[in-house]
Amino acid sequence: MPLPYLPIGLSEFADIRQHRYVYVDKTESIHPLVTVPKRSYFFSRPRRFGKSLLISTLQALFAGRRELFDGLWIAQKGRWDWSQQHPVIRLDMSLASSETPQTLKEGLASLMRGIIRKNRLSVDLQQHPAILLRESIEELAQQNSVVVLVDEYDKPLVNHLGGETKQQRAQQLDIANANRQVLRDFYTVLKGQSSDLRLVFVTGVSKFAKVSIFSGLNNLTDLTLDRQCACLAGYTQQELETNFAPHLQHLANERQQSLPQLLDEMKNWYNGFQFSSANLQVYNPFSTLLLLEQQEFRSHWFQTATPTFFTHLIKRSEDLQPNELTGAAVSESTFDSYEIMQLHENILPLMVQTGYLTLRGYDAATCTYTLDYPNKEVRNAFTESLLQSYTHLAKGKAVSDVMKLRNALQQADLPSYFVTLRRILAGISYELHISLERYYQTVFYLIHQLLGYQVYTEVHTNTGRIDAVIDLDNHTYIFEFKLELGNPTPKHQLAKDSDTLAQFKSPVHQDQLAAQLADSHNQLAQAALQQINERRYHTKYLGRGKPITLIGAVFTVNTPQGKPVRQVTAWVREDIDETNSNMAE
């Protein structure tokens, strides 16, 4: 028997139900939201997470299309009154042009004209979009109370978050701010028509405009972090194994894996999105479906949009570094208090809502969430995007060299490791090199984060702060870096006459200088290693049954003559023998 169709790219409930597509029944979660009349809801989830399908399901439900719900939870035991049919106004804001505030107004008017024509209303089509919405609700309410469904409400805003230069970003934010005012004027109608409305349901990627755009809807209930809606979008583990059982077994057979092995790999790649303080996690539906279709583990969801907006903000940030994204703590109130014009001050809430980070824990005493990457797909792909932003390395070349680093570390082959690391650093554009230790530490972190290992930077101990730790299953590496700026001495100080200048330029002098520099760099590397030992940074990693290697390394920026180096110019190692009582005390 052929496998049921996978609903890849489908967001219309009727299309899925009328054909042989898999539908994951969410009607039990929908039911408590729609049984109470006169409610207004806001629901935020990342792109391609099923928000449009949810809107389409609500539209079919209130239109009374019972045949589409046969066999689903809500159609059983009289859970829904199918005799009550409500007119529905469904607005897909992704279809409205929003290049400027004026085109947004025209786009809203166009959407409303389509609804007016479809319902054969007697509303004058030449009016302002807000008036079109108000008069449409008034006329439809003569049939029954009206349901208003708004999908991707924030598309006219998020389309303008970005820009390569500071000027471009400012221009885009100005457009976003002006578009916000247009949307606010449009949605204000809903407050005045509340007596005619049965339900208002709004979806989007972000919720930064909840207050400023929907301020008129005083009873707007935010479901974004609601525990009862944690699994309203995305697939739970049980839903995955129940609804896609034949597809999973087929994929396991094709990959010559056992079913438990396949499920473990899928969980690592695509599960892990958490949207409330409850410890409930869901799979990314888009990546899950494409895996089952294409039978390859890839960054399916991530490839549909590159998060350049976030990589630019993080790179420019004085307060937030890539290694601080995981484990960051965000207060619950932060998700309600940020605005478009202040996104550079706190981008973490928007990163959660867009799916690049997710909730990992909740401290009820402080009302704070701990953040992390949701899964392997997002962690690897976002780290690679950050690395390209910091280095401008070619995507394929960077990944190839990173794999060589991985092999070298696994084999404890540090000479090969540093040869590869130097090659990566040599490929970084000259204009991007910055004489700051934090820059090199960040690049180091991003490169090694792609290895898939546990990488930690600025690890605090009771004796100091470790620059970096790479923790493999079979080995632990502890790094201490020294940055050698090599600020050039002005030539007028090196040579006050032609004879001295000639001597400065002579090959003999250059060879002597090179030897002196090498000796200086080696001394710095030894000093870095000595710092690890004196402060006993390795103590916390003893007794775990795996080797520990201490590494002192030197990043050099310039030679004394001003010639750019931008490289690891020296390194030394020391291997810890835990059987030595002096080392393992």
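Here is a short chat about the predicted model shown above.

Visitor: Before we dig in, what pLDDT do local features need?

Guide: This is a predicted model, in which side-chain atom pairs count only at pLDDT 80 or more, totals for chains, interfaces and linings use all residues, and local features need pLDDT of at least 70. Residues are numbered from 1 along each chain as its sequence is written, and side-chain values use heavy atoms, with hydrogens and water left out.

Visitor: What percentage of the chain's residues count as buried?

Guide: The chain has 22 helices and 15 strands; these are DSSP runs numbered from the N terminus, with helices being H or I of at least four residues and strands E of at least two. Buried means under 20% relative accessible area, exposed over 50%, and partly exposed in between, with a 1.4 Å probe and protein chains only. Of the 585 residues, the buried portion comes to 51%.

Visitor: Which helix gives the largest share of the largest nonpolar core?

Guide: A nonpolar core is a set of buried Ala, Val, Leu, Ile, Met, Phe, Trp, Tyr and Cys residues joined through side-chain atoms within 4.5 Å. The largest one has 102 residues, and those touching the most other members include Phe69, Phe201 and Phe479. Seven residues, the largest share of this core, come from helix 19 (residues 437-449).

Visitor: How many residues are in the second, separate core?

Guide: Ala96, Leu157, Leu190 and Val202 are among its members. The size of that second core is 36 residues.

Visitor: Which residue's side chain makes a polar contact with the side chain of serine 287?

Guide: Serine 287 sits in helix 12 (residues 285-294) and is buried, at a relative accessible area of 0%. Skipping neighbours within four places in sequence, serine 287 is in contact (heavy atoms within 4.5 Å) with Tyr270, His300, Trp301 and Glu377. A polar contact is a pair of N or O atoms within 3.5 Å; within protein, one must be able to donate a hydrogen and the other to accept it, and residues adjacent in sequence count only if both atoms are side-chain atoms. At 2.9 Å, the side-chain partner of serine 287 is glutamate 377.

Visitor: Is glutamine 193 buried or exposed?

Guide: Glutamine 193 lies in the loop between helix 7 (166-192) and strand 4 (197-204). Leaving aside neighbours within four places in sequence, glutamine 193 is in contact with Arg134, Ile137 and Glu138. With a relative accessible area of 7%, glutamine 193 is buried.

Visitor: Which residue in strand 13 does valine 469 stand opposite?

Guide: Two strands pair if DSSP finds at least two bridges between them. Strand 12 (residues 465-471) and strand 13 run antiparallel, joined by four bridges, and a hairpin of four residues links them. Strand 13 (residues 476-484) is mostly covered, with seven of its nine residues buried. There, the residue opposite valine 469 is isoleucine 478.

Visitor: Why is one side of strand 8 and of strand 9 left without a neighbour in the sheet?

Guide: Three strands form an open antiparallel sheet in the order 8-10-9. Strand 8 (329-331) and strand 9 (358-363) stand at the edges, so one side of each has no neighbour in the sheet, each having a single partner strand.

Visitor: Which residue in strand 10 stands opposite glycine 361?

Guide: Strand 9 and strand 10 (residues 368-372) pair in the antiparallel sense over five bridges. Opposite glycine 361 in strand 10 is threonine 370.
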